[in-house]
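Q: I should like to learn how to read the features of a protein model, one at a time. Could we proceed by question and reply?

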Amino acid sequence: VLSHKGTNTIITDRLILRRFELTDANNMFKNWANDSEVTKFLTWETHSDIEVTKGILEEWVDEYMKPNVYHWAIELNEIREVIGGIAVFNLDEQNLSCELGYCMSKAYWGKGIMSETLEGVIDYLFSEIGLNRITAKHDTNNVASGKVMVKSGMKYEGTLKQAYIRNKKEFCDMAIYAILKSEWINKQQIGQ
Ligand SMILES: CC(C)(COP(=O)(O)OP(=O)(O)OC[C@H]1O[C@@H](n2cnc3c(N)ncnc32)[C@H](O)[C@@H]1OP(=O)(O)O)[C@@H](O)C(=O)NCCC(=O)NCCS
């Protein structure tokens, strides 16, 4: 049985992973939601107007009322701004598994920030919530995302054909990766 604690703050070397707030609208819009390069491989469309961002933030903030919602804003210590987000979805209470989805400002790509985020979140979900299996999927064209998954200890399990519709336009194949709690504990023990 999972022991839900909701979206509590996680501190890593360079980041504060915390709940989204309504006041994040400007930075969220400016840093990633308005950038078509960020949303290229995502299921949602680029925000054309900050009002869209504000509306979505209102929904996200309301959702924190539920104890089983895990959705973090990624705040970079250095600039004290939110630069991305990471969320649990498809939480399967019966089988103790979930999926993760994430995205981040282009200005900070390639610095290991999403790997650092994933490691913090994976650790929280295994050690605090009691999950047993965490998965993530990426469009097979999105090579960078697959590398982040591998770097975080996830293993490739296969490719799902035409598993999602990219930007509401075309079918795309999705590669699926997973990590088990036992693998995570092993990884910690050997200090990788
Ligand atoms: C995918 C994404 C989250 C990667 O975040 P990031 O912080 O740049 O990733 P990291 O710096 O932690 O990189 C992890 C590994 O991936 C590699 N990598 C990162 N970007 C890459 C790119 N564009 N091409 C090839 N490899 C890349 C890095 O080299 C690194 O491996 P290394 O340390 O062994 O060199 C980011 O590019 C992003 O937000 N993209 C848009 C949204 C998105 O696609 N989300 C995922 C949907 S499944």
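The dialogue below goes from the overall fold to individual residues.

Q: What kind of model is this, and how many helices and strands are in the protein?
A: This is a predicted model. The protein contains five helices and eight strands. Read from the N terminus, the elements follow the order β-β-α-α-β-β-β-α-β-α-β-β-α.

Q: How does the radius of gyration of the protein relate to that of a compact globule?
A: The general approach is to set the value beside the one expected for the chain length. A compact globule of 192 residues would have a radius of gyration near 16 Å, and the protein has 16 Å, so the two agree. The C-alpha trace spans about 45 × 35 × 35 Å along its principal axes.

Q: What percentage of the residues are buried, and what supplies the exposed area?
A: A residue is called buried when its relative accessible area is under 20%. Of the 192 residues in the protein, 47% are buried. The protein exposes about 10,100 Å², with 49% of that area supplied by carbon and sulfur atoms.

Q: What share of the contacts comes from residues 24 or more positions apart?
A: Here one considers contacts with a sequence separation of 6 or more. In the protein, 65% of these contacts are between residues 24 or more positions apart.

Q: How far apart are the mean positions of the positive and negative charges?
A: The protein has 22 positive and 27 negative charges, and their mean positions are 5 Å apart. The structure also holds 15 salt bridges.

Q: Which elements do Lys137 and Glu99 link, and are these residues buried or exposed?
A: One reads the distance, then the positions in the chain, then the accessibility. The side chains of Lys137 and Glu99 form a salt bridge at 3.3 Å, N to O. This pair links distant parts of the chain, with Lys137 in strand β6 (residues 133-139) and Glu99 in strand β5 (residues 97-104), 38 residues apart. Lys137 counts as partly exposed because its relative accessibility is 27%, whereas Glu99 counts as buried at 7%.

Q: Which parts does the salt bridge of Glu183 and Lys155 tie together?
A: The side chains of Glu183 and Lys155 meet at 3.2 Å, N to O. Glu183 lies in helix α5 (residues 181-189) and Lys155 in strand β7 (residues 155-166), so the pair ties together parts 28 residues apart in sequence. Glu183 is partly exposed, with a relative accessible area of 23%; Lys155 is also partly exposed, at 48%.

Q: Which residues are joined into one network by salt bridges that share partners?
A: Arg18, Asp24, Glu75 and Arg80 are joined in this way. Within the network, the side chains of Arg18 and Asp24 form a salt bridge at 2.8 Å, N to O. Both Arg18 and Asp24 are buried.

Q: What does Ser115 touch, leaving aside residues up to four places away in sequence?
A: One takes the element, the accessibility and the contacts together. Ser115 is in helix α3 (residues 113-129) and counts as buried at 9% relative accessibility. With residues up to four places away in sequence left aside, Ser115 touches Val148, Lys151 and Ser152.

Q: Where is Ile122 found, and what does this residue touch beyond four places in sequence?
A: Ile122 is found in helix α3 and counts as buried, with 0% relative accessibility. Not counting residues up to four places away in sequence, Ile122 touches Leu100, Ile134, Ser152, Met154, Ile179 and Trp184. The C-alpha atoms of Ile122 and Arg133 are separated by 9.7 Å, and these residues are 11 residues apart along the chain.

Conventions:
Residues are numbered from 1 along each chain as its sequence is written. This is a predicted model: local features need pLDDT of at least 70, side-chain atom pairs count only at pLDDT 80 or more; totals for chains, interfaces and linings use all residues. Side-chain values use heavy atoms; hydrogens and water are left out. Helices (H or I, at least four residues) and strands (E, at least two) are DSSP runs, numbered from the N terminus. The radius of gyration is taken over C-alpha atoms; the globule rule is 2.2 Å times the number of residues to the power 0.38. Buried means under 20% relative accessible area, exposed over 50%, partly exposed in between (1.4 Å probe, protein chains only). Contact means heavy atoms within 4.5 Å. Accessible areas come from the Shrake-Rupley method with a 1.4 Å probe; for residues, only the protein chains shown count as cover. Lys and Arg count as positive and Asp and Glu as negative; His and the chain ends are not counted. The place of a charge is taken as NZ of Lys, CZ of Arg, CG of Asp or CD of Glu. A salt bridge is a side-chain nitrogen of Lys or Arg within 4 Å of a carboxyl oxygen of Asp or Glu.
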